[in-house]
Amino acid sequence: MDGATTVGFVSILPPLIAIVLAFWTRDTILSLAIACVVGVLMAGEGLLGFPNLMKEALGNASFSWIFLLEIFIGILIAFFQRTGAIQSFTDIISNKNYSRKRIGMSTWFMGLFVFFSDYFSPVFVGSTMRKVTDKVKISREKLAYICDSTSAPVSVIVPITGWAVFISGLLIGMGPIQNEAAALDVFTKSIPFNFYAVFSVLLVGLITSGIIKDFGPMKKAEKRAITEGKLIRDNSDPLISKELTNIAPYFEDKLLSITWNFFMPVLLIIVIAVGTYIGLGSAKTMEAFLAAAIFLGIVMRVQGIPVKDIMDTAMNGIKGIMPAVMILVFAYTINELSEQMGTANYLVQVTESWLNPGLLPAITFLLAALISFSTGTSWGTFGIMIPIAVPLAFSFAGGDVNTVVLATIAAVAGGGVFGDHCSPLSDTTILASTGAAVDHIDHCRTQIPYAVVVGVIGLCIYLALGLLI
């Protein structure tokens, strides 16, 4: 079916089913898959229509590019684990004699630096900084908050991460966006409008520096740690701190060079991605991660790690990234289905009498925040909301990339991060609790007030921005 037409009310059922099932099952992959199958049956294509739909959605260069990027990210994270870069970093930080404020600020800066993976960041920062934060009596709840608020919120506002690629990939085919370069350019322009993510990151710095004082349950947790020396609440049940994966360093009796095994690969990613963005107008993110993975693989071999072990580590990295890949698969598929059934056109027809461009970013942010908090997944929220909200924004914008479109994209990104940032169901929230070795509910209870404050501020700005549109 031509995306310029619509099958009417039936066209909204697949995304609606995905949203309802995501709330009910809290399994975004299953929800998206069921919604795709139901949508194909509603379109009268039969069960064979489902693989045909997937071939149309996935059998293209855009999906292949994003798929390969996710694979290279998984391999690189696995290599970091196998070389013992985490242990090396721990030893360096532990030898510093910093004040309480400086330790907090250092933890914040570390979270900002490890921007390339929201899975790797909270465990890496928590596990490496826990001993030094304990020494200066920073509560484990505070450590978990810093780890959590410098993972997903940072990843979604850096245009050379897997998050940027995932969101921009979903934008391809909408309005004038016809390829990955154009999509990434639009996403980059939307970053200043992602008020929730930007303010979440800034709030951590303001709080750790003492400019803004702790409030709510976090204030009580910090007072307990300082005055009583209790880093965790009495009778709490802290999660046992583990690495992101079960990959242990290859050499148990020595630590390899952190310069070659960590700083150089990260520097290589930044130089290639930023350099190509400035020089060519398009960040070669996939190529940057590929180069870093190849570089670190060669370094590992030179350092004495066998080729077979390097390949096994790479395969473990690929396995670890597959959940994100599966979300990507079904997000692309439901995007294609929504386009074929004319979902956006139908929503425009039934809402044009009351919905205006000024309200769209605020409503989009609220809905994305609600879905992500209830399901614990931001990427699943992107897969559900972007095919609905962004085409609506383009219809209001007359097909141009203007403030309405950029603010709506940012609202989806920020709303999705809200849930991933503080939902008890979120994997990154769980990883932050694990890295900080704190009771998971204590982490959520102390962090949610901060998230809500930032969310309300972001919503108010979207409403104010709407008055100017």
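In the predicted model, Thr208 belongs to helix H12, which covers residues 195-208. With a relative accessible area of 9%, Thr208 is buried, because buried residues are those under 20%. Two polar approaches of its side chain to the backbone can be described: a polar atom of the Thr208 side chain lies 2.9 Å from the backbone oxygen of Val204, and the side chain of Thr208 also reaches the backbone oxygen of Gly205, at 3.2 Å. When neighbours within four places in sequence are left aside, the residues in contact with Thr208 are Lys101, Gly104, Met105, Trp108 and Ile146.

Aromatic pairs were then sought across the whole structure, and the search finds 21 of them. One pair is made by Trp108 and Phe109, whose ring centres are 5.1 Å apart and whose planes stand at 45 degrees, so that the pair is classed as tilted. Trp108, which is among the residues in contact with Thr208, is itself buried, with a relative accessible area of 12%. A further tilted pair is formed by Phe373 and Phe418, with 6.1 Å from centre to centre and 45 degrees between the planes. Since Phe373 is located in helix H18 (residues 360-375) and Phe418 in helix H20 (residues 403-422), this pair ties together parts that are 45 residues apart in sequence. The two partners differ in their exposure: Phe373 is partly exposed, at a relative accessible area of 30%, whereas Phe418 counts as buried, at 12%. Both Phe373 and Phe418 also take part in one aromatic cluster, in which they are joined by Phe193, Phe195, Tyr196, Phe199, Phe365 and Tyr462.

As to the overall architecture, the protein has 22 helices and 0 strands. Its radius of gyration is 22 Å, close to the 23 Å that the globule rule gives for 469 residues, and the protein is therefore as compact as a globular protein of that length. The C-alpha trace spans about 65 × 50 × 45 Å along the principal axes. Of the 469 residues, 58% count as buried, while the accessible surface of the protein comes to about 18400 Å², with 66% of this area belonging to carbon and sulfur atoms. Among contacts between residues at least 6 apart in sequence, 82% join residues that are at least 24 apart.

The distribution of buried positions within a single helix can be followed in H3 (residues 49-58), where Gly49, Phe50, Leu53, Met54, Ala57 and Leu58 are buried. These residues cover an arc of only 150 degrees around the axis, which puts them on the same side of H3.

Backbone geometry was considered at two loop positions. Lys137, a residue other than glycine, has a positive phi, near 65 degrees, and is placed in the loop between helix H7 (120-135) and helix H8 (140-149). At 40% relative accessibility, Lys137 counts as partly exposed. Ala437 likewise has a positive phi although it is not a glycine, the value being about 55 degrees, and its place is in the loop between helix H21 (427-436) and helix H22 (440-468). In contrast to the partly exposed Lys137, Ala437 is buried, with a relative accessible area of 10%.

Key
Residues are numbered from 1 along each chain as its sequence is written. This is a predicted model: local features need pLDDT of at least 70, side-chain atom pairs count only at pLDDT 80 or more; totals for chains, interfaces and linings use all residues. Side-chain values use heavy atoms; hydrogens and water are left out. Helices (H or I, at least four residues) and strands (E, at least two) are DSSP runs, numbered from the N terminus. Buried means under 20% relative accessible area, exposed over 50%, partly exposed in between (1.4 Å probe, protein chains only). A polar contact is a pair of N or O atoms within 3.5 Å; within protein, one must be able to donate a hydrogen and the other to accept it, and residues adjacent in sequence count only if both atoms are side-chain atoms. Contact means heavy atoms within 4.5 Å. Rings of Phe, Tyr and Trp (its six-membered ring) pair if their centres lie within 6.5 Å; planes under 30 degrees apart count as stacked, over 60 as edge-to-face and the rest as tilted. The radius of gyration is taken over C-alpha atoms; the globule rule is 2.2 Å times the number of residues to the power 0.38. Accessible areas come from the Shrake-Rupley method with a 1.4 Å probe; for residues, only the protein chains shown count as cover. The arc is that of the directions from the helix axis to the C-beta atoms.
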